[in-house]
Amino acid sequence: MIRTLLLTASAAALATAAQADGFNRIASFAVTDNLPEGTEIATETAPEIVAASGETLVYTDSPLGALGFVDISDPANPQALGAIMLDGEPTSVATVGAYALVGVNTSESYTDPSGFLLEVNVADRAEVDRCDLPGQPDAVAVAPDGSFLAVAIENERDEDLNDGVIPQMPAGSVVMVDLTDDGLIDCDTLRVADVTGLADVAPSDPEPEFVSINGEGEVVVTLQENNHIVVLDRAGAVLSHFSAGSVDLDGIDVLDERGALLFDGSQQGRLREPDAVAWIDDTHFATANEGDYNGGSRGWTIFAQDGTVVWDSGTSFEHAIVEIGHYPDRRSDAKGVEPESVAFADVNGTPTVFVGAERASVVGVYDVTDPTAPILTQLLPSGVGPEGFAVLEGGNLLVTANEGDLVEDGGARAHLMMYAFQDGTPVYPHLTSAGTDELIGWGAISGMVADGGVIRAVSDSFYGLQPRIFTIDASQVPARITGAIDVTRGGYPAQKLDLEGIALDGEGGYWLASEGRTDHVTPHALYHVNAEGGIEAEIGLPAELMAVERRFGMEGVTRVGDTLWIAMQREWADDADNTVKLVSYNTESGEWGAVSYPLEPAETGWVGLSEIVAHDGYLYIVERDNQLGQMARVKQITRVALDGLQPAPLGGELPMVEKQVVRDLLPDLTATGGYVLDKVEGLAITADGRAFVSTDNDGVDDHSGETMFFEVTLNP
């Protein structure tokens, strides 16, 4: 009953938001643009905490050991202002007037922690002053009136020692430092608040994680590893303290090895172990319950400062993220979507909380006018791993710092992202399963096909134990997944499939193309599936093709009468350079054939095919490179005329088709202010010529989780 109520609430909230004004992403800034001159582009660089001073963003870059600066005088066109190298690791930054206040970690070891508080003039990047700190700083916050600041001194544990179990000395603390009327730090006023002896968990070793200061000068600090929260006055005296408590979670996915989204598990007594904290008024604050070794409640909480739980999201935040395809299945046995960051701002008169889900790369936007009943109004796409927020211009401009730099995995680089509060319906999400009777998780959308008034789509091998055909209603905004059927063999979910294409069989069933991989014992095959998802026939690729097999195989299938046309993604051993096959299979005679398709040359990586759709005398084909962001060069839809298209027998010379580019997708892929996603995988064209494109989010594994689903016009 509780699960049903939570699902209904999230769906209703987002449905309401679809008719209201809201935030839209307007720009993304790759922090590689701020690398110092002469630095290798592959150098790891990542923004973690971000703050604003006037029209300049200031962010910490821990991997680089630097403080970065970005000009946002035009927020839709952020400009690099460079970075200054620091003699230590920056862990947090806050601003007051023209100055940035930075916590810098200089610890030689876990047992000998050290650091300093640095003040920098934002305009000229010059150091103004510094104060030595009694340990390793982790978070910095400035009082709303600018009279003082607080620093969380974590003195973090060694996770390799005793399996990371605390206590591990020395203990952490909280530091306060007064600021002058001009915003300058007065190191002589530095005072240390002792927070030992308060927590039930390792009371001798508090590890302060995050701090926030309210309008009355009261400091709330989370002790994440201790699962405890402390409220201090500006002098450092303890006003209140209490356990962050626990939550019973039901209707969650708790296994990450099965390649399926099954929300039938539970975790009872899950410790909140909050990370970030933010006051929402002078008596209430919000926590992001990321969790540590023993906890993580997959949600966020509003507390009164006496420790009363005013409201807790339970599973509703995670379930709403599931509905938009951002659920990170490989984190199921850990902390799920892992809310880590939280911020508060007044947005056009509405008290608003922003919650960042690190593993889902999503920002939840909540109306907290009534702290006992927050309303989820939006879910925003973020870069990989949102870590910090800055809210500017009276709450009308949101900035996220996204720390995931996937350079070693060939993925997206780290970004700052800008969002403006705008009139009209927010553009994200593009696709959701909200509103269904049962929670439908989804991701890794690959092939698509139009089927009357709906679109059918398949997901690829990321969900290898749950191959599915989804039904999408593209007439709604956002488009809605209204149902899903499992692809089965003998009544059980079929194994060893990598579904990349789907076509209608004309009799109520489907043809599915599965991209095989012999070294993984996954066959290259076509599957004839009935309307209920049951496999009725399996047709493997012929010997002539398997003799020249390479890894990247079938990526799309479409039907023209009795003939299936199949797009092979990349060259196989008998293909000339920069060519790939369009393979034909006659479902009546069993005859195979092929033609050759000319690929665009690749500047970096490779170029291949991702989809094929027959419509009105043509085969429409998605051709793309495997690059993303600033490296992307080829994302396009082409067409090949069916008139005169005659496949030749396999094993011999193949006729070369003539292609015509009908849509450059690069502008579409940046239209929502993000970086270019690499995997344009799906294309569906309705009988009346409406064309829809989708991207594959790789199951939110080393990916932001963002799925784009949009309509395009095909112009010959």
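Buried here means under 20% relative accessible area, and that cut-off is handy for the views that follow, which come from a predicted model.

**View 1. Helix α2 is mostly covered.** Helix α2 runs over residues 316–323, and 8 of its 8 residues are buried. The list of buried residues reads S316, F317, E318, H319, A320, I321, V322 and E323. So charged, polar and nonpolar names are worth picking out one by one as you look along α2, with E318 and E323 among the buried residues. After α2 comes G325, and the phi of G325 is positive, near 80°.

**View 2. A disulfide links C131 and C187.** The structure holds 1 disulfide, and here it is, with C131 joined to C187 at an S to S distance of 1.9 Å. The link is left-handed, with -85° about the S-S bond. C131 sits in strand β9 (residues 127–133) and C187 in strand β13 (residues 185–193), so the bond ties together parts that are 56 residues apart in sequence. As for cover, C131 counts as buried at 2% relative accessibility, while C187 is partly exposed with a relative accessible area of 24%.

**View 3. E127 and R130 pair up in a salt bridge.** The structure holds 28 salt bridges, and this is one of them, with the side chains of E127 and R130 meeting at 2.9 Å, N to O. E127 is partly exposed, with a relative accessible area of 46%. R130 is partly exposed too, at 30%.

**View 4. K581 reaches D574 through a salt bridge.** The closest N and O atoms of K581 and D574 are 2.6 Å apart. K581 counts as buried, at 3% relative accessibility, whereas D574 counts as partly exposed, at 40%.

**View 5. K659 and E623 form a salt bridge with both partners buried.** Here the closest N and O atoms are 2.8 Å apart. K659 lies in the loop between β48 (635–641) and β49 (660–664), and E623 lies in strand β47 (residues 618–625), so the pair ties together parts that are 36 residues apart in sequence. E623 counts as buried at 0% relative accessibility, and K659 is buried with a relative accessible area of 18%.

**View 6. Four charged residues share a salt-bridge network.** Take R331, K335, E338 and R359 together in this view, since salt bridges link them in a network.

**View 7. A negative patch sits on the surface.** The patch is formed by E44, E408, D409 and D702. One of its members, E44, lies in the loop between β1 (22–30) and β2 (50–53). E44 counts as partly exposed, at 42% relative accessibility.

**View 8. G424 sits in a loop.** Look for G424 between β30 (415–422) and β31 (431–432). G424 is partly exposed, and its relative accessible area is 31%. If you want a landmark, try T196: G424 and T196 are 228 residues apart along the chain, and their C-alpha atoms are separated by 50 Å.

Note on methods: Residues are numbered from 1 along each chain as its sequence is written. This is a predicted model: local features need pLDDT of at least 70, side-chain atom pairs count only at pLDDT 80 or more; totals for chains, interfaces and linings use all residues. Side-chain values use heavy atoms; hydrogens and water are left out. A disulfide is a pair of cysteine sulfur atoms within 2.5 Å. Helices (H or I, at least four residues) and strands (E, at least two) are DSSP runs, numbered from the N terminus. Buried means under 20% relative accessible area, exposed over 50%, partly exposed in between (1.4 Å probe, protein chains only). Patches are made of residues with over 30% relative accessible area and no salt bridge: like charges are joined within 9 Å, nonpolar side chains (Val, Leu, Ile, Met, Phe, Trp, Tyr) within 5 Å. Accessible areas come from the Shrake-Rupley method with a 1.4 Å probe; for residues, only the protein chains shown count as cover. Lys and Arg count as positive and Asp and Glu as negative; His and the chain ends are not counted. The place of a charge is taken as NZ of Lys, CZ of Arg, CG of Asp or CD of Glu.
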